[in-house]
2 protein chains.
Amino acid sequence: MGAPPRRATISDVAREAGTGKTSISRYLNGELSVLSPDLRSRIEAAIERLDYRPNQMARGLKRGRNRLLGLLLADLANPYSVEVLQGVEAACHALGYMPLICHAANEIDMERRYLQLLTTYRVEGVIVNALGVPESMLKPMGSGGIPAVLVDRTVDGLDADMVGLDNAAAVRLAVQHLLERGYDDLVFVVQPFEHVSSRREREAAFRRSIDGAAGASAQQATKGAQEVRAATHVLDLHDDASVDAALAVLDAHIADAARRGARCALFAANAPVALRLALHLKAKFGAQWQQQAALIAIDDPEWAELAGITTIRQPTREIGYRAVEFLNERIEGAALAARAAAFPGELVVRASTLG
Amino acid sequence: MGAPPRRATISDVAREAGTGKTSISRYLNGELSVLSPDLRSRIEAAIERLDYRPNQMARGLKRGRNRLLGLLLADLANPYSVEVLQGVEAACHALGYMPLICHAANEIDMERRYLQLLTTYRVEGVIVNALGVPESMLKPMGSGGIPAVLVDRTVDGLDADMVGLDNAAAVRLAVQHLLERGYDDLVFVVQPFEHVSSRREREAAFRRSIDGAAGASAQQATKGAQEVRAATHVLDLHDDASVDAALAVLDAHIADAARRGARCALFAANAPVALRLALHLKAKFGAQWQQQAALIAIDDPEWAELAGITTIRQPTREIGYRAVEFLNERIEGAALAARAAAFPGELVVRASTLG
DNA sequence: CTGTTAGCGCATTCAC
DNA sequence: GTGAATGCGCTAACAG
């Protein structure tokens with residue numbers, strides 16, 4: 001005997017059950033009511049005996065849909081991505097999809113390759129946490145192409161569903177917290193942001209929040225009545241030399257603030273930036289750095305608690321879940337205009353802003 | 001015009017190029033030398049014009065292989081998994097496979113479901129970082145079933161290729177470091193380890209390392225001539241109550257060691273345990289906890305540097321890469337006996353063992 | 001060099 | 001209730 005050399009097919013099952021393929025197919029598709037109890041149990045037995053598993057590829061080929069969703073992630077090393085992924089998975093299970101997870105690993109041409117590959121596997125839709133400019137790579141979907149929903153960031157010329165953080169509100173929350181804690185020299189640190197909408201939005205929101213607060217304090221003579229300074233620094237994490245240079249400038253800024261007697265706080269636009277800054281501050285001020293410099297960040301990685309960093313936590317699971325829901329509606333044929341879901345962030349206060 | 005409502009098929013291209021499907025197929029499969037320059041350029045043009053992409057599902061159905069590999073991960077929240085994943089991806093690209101990433105999220109029946117699903121999609125092989133007991137779920141492959149290679153841990157009754165850390169050597173390295181630093185009360189902390197081979201091996205290696213060291217010091221009268229104590233504590237991270245209880249016992253142990261004047265060091269079996277311990281130590285001793293208690297861990301997550309924890313780093317990328325290589329050989333038909341690749345760990349000394 | 005033919009495993013008319 | 005026939009998109013013999 002031994003194990004069968006080849007996996008059983010529907011024909012094998014039909015033969016084993018002494019019937020035609022049609023009945024097997026009906027059984028598989030839950031049209032149980034149309035089968036005589038006898039046939040039905042014979043089929044069950046045959047399937048069991050042959051350890052039969054319907055071939056999804058063949059099914060997909062026939063019916064034209066394979067229940068595959070593409071999930072294209074810019075960087076799985078970023079905990080944010082992993083959490084979004086979990087939300088996506090949960091929704092996929094609930095809706096009967098199988099997520100095809102693709103990891104661009106910060107390589108822009110990996111992203112392009114994967115997008116093509118997904119197309120090739122005829123996924124029914126894609127969820128994209130874009131890295132660079134899939135420009136027209138995604139275009140076709142708006143115009144009858146494959147449905148897509150964007151996560152965290154928009155893609156330039158593309159009019160698609162979008163789900164992510166309410167950046168304006170999140171940044172406002174953070175700035176407000178810093179001002180309340182008496183910081184009056186705020187430094188926003190962000191990766192190169194021209195091409196990433198979420199970074200752009202956060203930076204813009206940062207500027208606006210400061211202006212707003214300054215205006216308010218001017219008329220109301222708030223406790224922090226003195227001027228609040230604000231600056232933006234760019235940290236290109238993929239370029240060591242550039243990072244060193246930027247950190248040197250930052251150091252100068254911090255020193256200057258100390259000289260002026262100002263209270264300086266660093267605002268990291270996301271977790272990777274926060275980690276880099278924390279490492280730098282630790283190297284500079286030692287293990288007790290939280291007492292010398294303030295740091296707040298968007299994103300709440302697992303080590304934030306250990307490092308004692310105040311953060312704005314994103315509802316990452318929900319973001320992933322909603323993305324799939326949006327996509328599913330699109331796949332089911334909804335022809336609405338592009339929607340956007342912006343979830344609120346949550347302030348988690350820790351030692352780094354209690355100096 | 002507008003975008004074509006349906007993706008172009010090989011027949012469309014053939015018609016557009018004024019030829020038969022065979023030639024198109026030949027073109028797609030790189031049999032270019034067999035095509036007249038004229039036909040060839042007509043085909044190229046047609047493909048371009050129709051934005052044609054061959055349907056992988058159909059190809060797979062026909063040739064019987066779809067170049068899909070299953071990657072079943074127990075827990076993507078564990079940085080170890082993400083790094084292995086990156087190695088797997090790299091190898092897949094090099095060898096022309098597409099990894100189907102499945103995340104069991106610590107749910108044992110998710111694992112089972114995914115294994116079935118992978119079977120259903122006719123993946124050519126699977127790489128499994130097992131969670132529970134896929135028992136016979138994987139059995140079939142040894143006996144003509146789908147090829148599999150195990151990562152980090154074995155599966156009980158299963159005789160398959162295996163790749164992971166050289167646990168014995170890694171643990172020895174860590175223990176040796178601790179002894180050299182003068183610690184004489186070593187506490188190994190690990191998640192429930194009966195069913196996870198790597199944890200079992202590490203725990204066993206811990207006991208053996210201590211015994212070996214004790215023996216050596218006995219005959220050679222090493223500097224640490226006094227007895228070295230060793231104990232194992234279990235931390236079930238998925239059960240809060242149990243964790244609290246275990247930590248209380250640990251605290252007692254530490255207090256007792258202090259009373260005796262012994263130098264106590266904690267040895268975390270992996271990153272999740274290390275994080276939990278670090279959080280506890282921080283809560284107990286404050287931000288400077290590294291000076292009150294020693295901690296070493298297997299795994300080297302990105303936050304280890306920030307937290308200043310000494311670790312044994314695994315060559316995770318290589319592990320993932322090798323897993324795919326093993327699998328590929330199997331898929332190509334190699335019928336060798338089960339192999340095992342055990343990679344060495346690397347000691348990264350940081351503040352937590354320099355007390 | 002090129003086209004015709006016959007399936008891969010399955011779902012779906014359409015008859016019986 | 002049930003089964004035979006047709007074709008999804010593609011590749012692999014076979015002829016020419």
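The following exercises, each with a worked solution, concern a predicted model of protein chains with DNA.

**Exercise 1. The surface near DNA strand C**

Task: Determine which residues come nearest to DNA strand C and which helices contribute to the surface there.

Solution.

Step 1. Consider the residues around the strand. There are 26 residues around DNA strand C, and those that come nearest are A:Ile10, A:Arg59, B:Thr19, B:Ser36 and B:Lys62.

Step 2. Assign the surface to helices. At least two residues each are supplied by helix H2 (21-28) and helix H4 (56-63) of chain A, and likewise by helix H2 (21-28) and helix H4 (56-63) of chain B. The largest share, four residues, belongs to H2(A).

Step 3. Classify the residues. The surface near DNA strand C consists of eight nonpolar, 10 polar and eight charged residues.

Step 4. Turn to the DNA side. Sugar or phosphate accounts for 57% of the atoms of DNA strand C within 4 Å of the protein, and bases account for the rest.

**Exercise 2. Phosphate contacts of DNA strand C**

Task: For A:Asn55, state which part of the residue, backbone or side chain, approaches a phosphate oxygen of DNA strand C. Then do likewise for A:Arg59 and B:Ser36.

Solution.

Step 1. In A:Asn55, a backbone N or O atom is found 2.7 Å from a phosphate oxygen of DNA strand C.

Step 2. In A:Arg59, an N or O atom of the side chain is 2.5 Å from a phosphate oxygen of the strand.

Step 3. In B:Ser36, a polar side-chain atom stands 2.5 Å from a phosphate oxygen of DNA strand C.

**Exercise 3. The surface near DNA strand D**

Task: Describe the surface near DNA strand D and identify polar contacts to its bases and phosphates.

Solution.

Step 1. Around DNA strand D there are 25 residues, of which A:Thr19, A:Lys62, B:Ile10, B:Tyr52 and B:Arg59 come nearest.

Step 2. H2 and H4 of chain A, as well as H2 and H4 of chain B, each provide at least two residues of this surface. The largest share is that of H2(B), with four residues.

Step 3. By type, the residues near DNA strand D are eight nonpolar, 10 polar and seven charged.

Step 4. Two side chains of chain A may be examined at the bases. A polar side-chain atom of A:Thr22 is 2.6 Å from a base nitrogen of DNA strand D. For A:Lys62, a polar side-chain atom is 2.8 Å from a base nitrogen of the strand.

Step 5. At the phosphates, an N or O atom in the side chain of B:Arg59 is 2.4 Å from a phosphate oxygen of DNA strand D. Of the atoms of DNA strand D within 4 Å of the protein, 57% are in sugar or phosphate and the rest are in bases.

**Exercise 4. Strand S9 of chain A and the nonpolar core**

Task: Explain why strand S9 (residues 294-298) of chain A is described as largely enclosed, and identify the contacts of A:Leu266.

Solution.

Step 1. Count the buried residues. Five of the five residues of S9(A) are buried, so the strand is largely enclosed by the rest of the structure.

Step 2. Separate the faces. In a regular strand, side chains alternate between the two faces of the sheet. In S9(A), A:Ala294, A:Ile296 and A:Ile298 are buried on one side, while A:Leu295 and A:Ala297 are buried on the other.

Step 3. Find the neighbouring strand. Strand S8 (residues 264-268) of chain A pairs with S9(A) in the parallel sense, over four bridges. A:Phe267 has A:Ile296 of S9(A) as its bridge partner.

Step 4. Examine A:Leu266. Beyond its neighbours within four places in sequence, A:Leu266 is in contact with A:Val187, A:Leu250, A:Ile254, A:Leu277, A:Leu281, A:Ala294, A:Leu295 and A:Ile296.

Step 5. Place A:Leu266 in the core. The largest nonpolar core contains 55 residues, and A:Leu266, A:Leu295 and B:Leu235 are among those with the most contacts inside it. Another core, of 50 residues, lies apart from it and includes B:Leu69, B:Val84, B:Ile101 and B:Ile127.

**Exercise 5. Residues in loops**

Task: State where A:Asn106 is found and whether B:Arg67 has a positive or a negative phi.

Solution.

Step 1. A:Asn106 is in the loop between strand S2 (98-103) and helix H6 (108-120) of chain A. Its phi is near 65°, a positive value in a residue other than glycine. A:Asn106 counts as partly exposed because its relative accessibility is 32%.

Step 2. B:Arg67 occupies the loop between H4 and strand S1 (68-73) of chain B. Although B:Arg67 is not a glycine, its phi is positive, at about 60°. With 27% relative accessibility, B:Arg67 counts as partly exposed.

Definitions and conventions: Residues are numbered from 1 along each chain as its sequence is written. Chains are lettered from A and ligands numbered from 1 in the order in which they are written. This is a predicted model: local features need pLDDT of at least 70, side-chain atom pairs count only at pLDDT 80 or more; totals for chains, interfaces and linings use all residues. Side-chain values use heavy atoms; hydrogens and water are left out. A residue is near a molecule or strand if one of its heavy atoms lies within 4 Å of it. A polar contact is a pair of N or O atoms within 3.5 Å; within protein, one must be able to donate a hydrogen and the other to accept it, and residues adjacent in sequence count only if both atoms are side-chain atoms. Ala, Val, Leu, Ile, Met, Phe, Trp, Tyr, Cys and Pro count as nonpolar, Asp, Glu, Lys and Arg as charged, and the others, Gly among them, as polar. A nonpolar core is a set of buried Ala, Val, Leu, Ile, Met, Phe, Trp, Tyr and Cys residues joined through side-chain atoms within 4.5 Å. Buried means under 20% relative accessible area, exposed over 50%, partly exposed in between (1.4 Å probe, protein chains only). Contact means heavy atoms within 4.5 Å. Two strands pair if DSSP finds at least two bridges between them.
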